[in-house]
Amino acid sequence: ATPTALLVGTGRGAQRGILIKGPEVLESTRTVDTIVLDKTGTVTTGRLAVVSTEGPDEILRYAAAVEAGSEHPIGRAIVAAAAAARGERLPAVTDFRATPGRGVRGIVEGREVLVGRAEFTGAAPGQAEHGGHTVVTVAIDQDVRGRLVLADDIRPSSREAIATLRRLGLRPVLLTGDNADAARQVADATGIDEVIAEVLPADKVDTVKRLQDEGRVVAMVGDGVNDAAALAQADLGLAMGAGTDVAIEAADLTLVRDDLTAAADAIRLSRRTLRVIK
Ligand code: ADP
Ligand code: MG
């Protein structure tokens, strides 16, 4: 492969909203046989909304007060829901602490409030499932008092893009920190068989390594801080354009269009470029 021809390939990618870190990236698109897809913000829009609240009146207000310190899409959705419900100012929070992939905690009006996965708040595992939705449990002074149910829309282009990726010979795998039920729902709606759910942020990279140990050549698409290490570990890392800077830095390729069809385009275009110059 002549460097000039490779550069022409990368230039053509840029025209289609695919930013390639360097011409050497094209080479790895030839051998990838597996594509690991982060769920939230990649296959789905990542713009969550609270669809129902269960528990005493103060649940949403308390949860929102704590989540005000969080940058997680779940936190942003809860704060927005509380603002829409009353618009009054949220109570102050002290001792805020966020635990990535698990939840947040803080002191509100003298009470300890935990918002997050079932085991984080001390809830029974089943309490974090609800018809395929993302669910967070809320504990006040170590008592599980309620749940917030959130919905996230699947990107309209995801199903078609996943079918195209399959035609390119890639096996899609859905990877998420969310509950297995919610993950399955998204997988079924988009035509993915293989699901790895309830994975802690630090373990996403190990999941990619494990697939590589099985002999698979892995592409990974992600958007979050949580995905950065896995994107770097993957044989080909693709970041969503609207994703966090750390994810974009860790990736080999950035999808400016911010949808999965760009991932399929990127692989097809790269392979075509390699064929032309061989
Ligand atoms: P994903 O892999 O889908 O991007 P994360 O790893 O960020 O998800 O989070 C996994 C799970 O941890 C969430 O589904 C939620 O139950 C819990 N969680 C993480 N951050 C928060 C937060 N700020 N508030 C409540 N729950 C949270
Ligand atoms: Mg994500």
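How many residues does helix 5 have, and how far does helix 5 reach from its first C-alpha to its last? In this predicted model, helix 5 comprises 13 residues and spans 18 Å between its terminal C-alpha atoms, close to the 18 Å expected at 1.5 Å a residue. Buried positions in helix 5 are Pro73, Ile74, Gly75, Ala77, Ile78, Val79, Ala81 and Ala82. The elements covering these buried residues include helix 3, strand 3 (49-54), helix 4 (58-67), strand 5, strand 7 and strand 8 (143-151).

Helix 5 (73-85) also takes part in the surroundings of ligand 1, supplying at least two residues of the shell, as do helix 3 (39-43), strand 5 (103-108), strand 6 (111-116) and strand 7 (134-140). Of the 22 residues around ligand 1, those that come nearest are Thr40, His72, Gly101, Gly116 and Gly177. The shell is made up of 12 polar, five nonpolar and five charged residues. Because domain 1 (3-45 + 153-277) and domain 2 (49-151) both contribute residues to this shell, ligand 1 lies between them.

Nonpolar side chains tend to be buried together in soluble globular proteins. In the present model, the largest nonpolar core contains 51 residues, of which Met220, Leu238 and Ala263 touch the most other members. Helix 12 (residues 261-277) gives the most to this core, with six residues. When residues up to four places away in sequence are not counted, Met220 touches Val36, Val208, Ala230, Leu231, Ala234, Gly237 and Leu238. Another core, of 31 residues, lies apart from the largest one; among its members are Ile78, Val104, Val108 and Ala139. Ile78 is also one of the buried residues of helix 5.

Technical notes. Residues numbered from 1 in each chain as written. Chains lettered and ligands numbered in written order. Predicted model: local features only at pLDDT ≥ 70, side-chain atom pairs only at ≥ 80, totals over all residues. Near = placed C-beta within 6 Å. Helix = DSSP H or I, 4+ residues; strand = E, 2+ residues; numbered from the N terminus. Nonpolar A, V, L, I, M, F, W, Y, C, P; charged D, E, K, R; others polar. Domains from an automatic or database assignment. Expected span 1.5 Å × (residues − 1). Buried ≥ 20, exposed ≤ 12 C-beta atoms within 10 Å, placed from the backbone. Contact = placed C-beta atoms within 7 Å. Core = buried A, V, L, I, M, F, W, Y, C linked by C-beta atoms within 7 Å.
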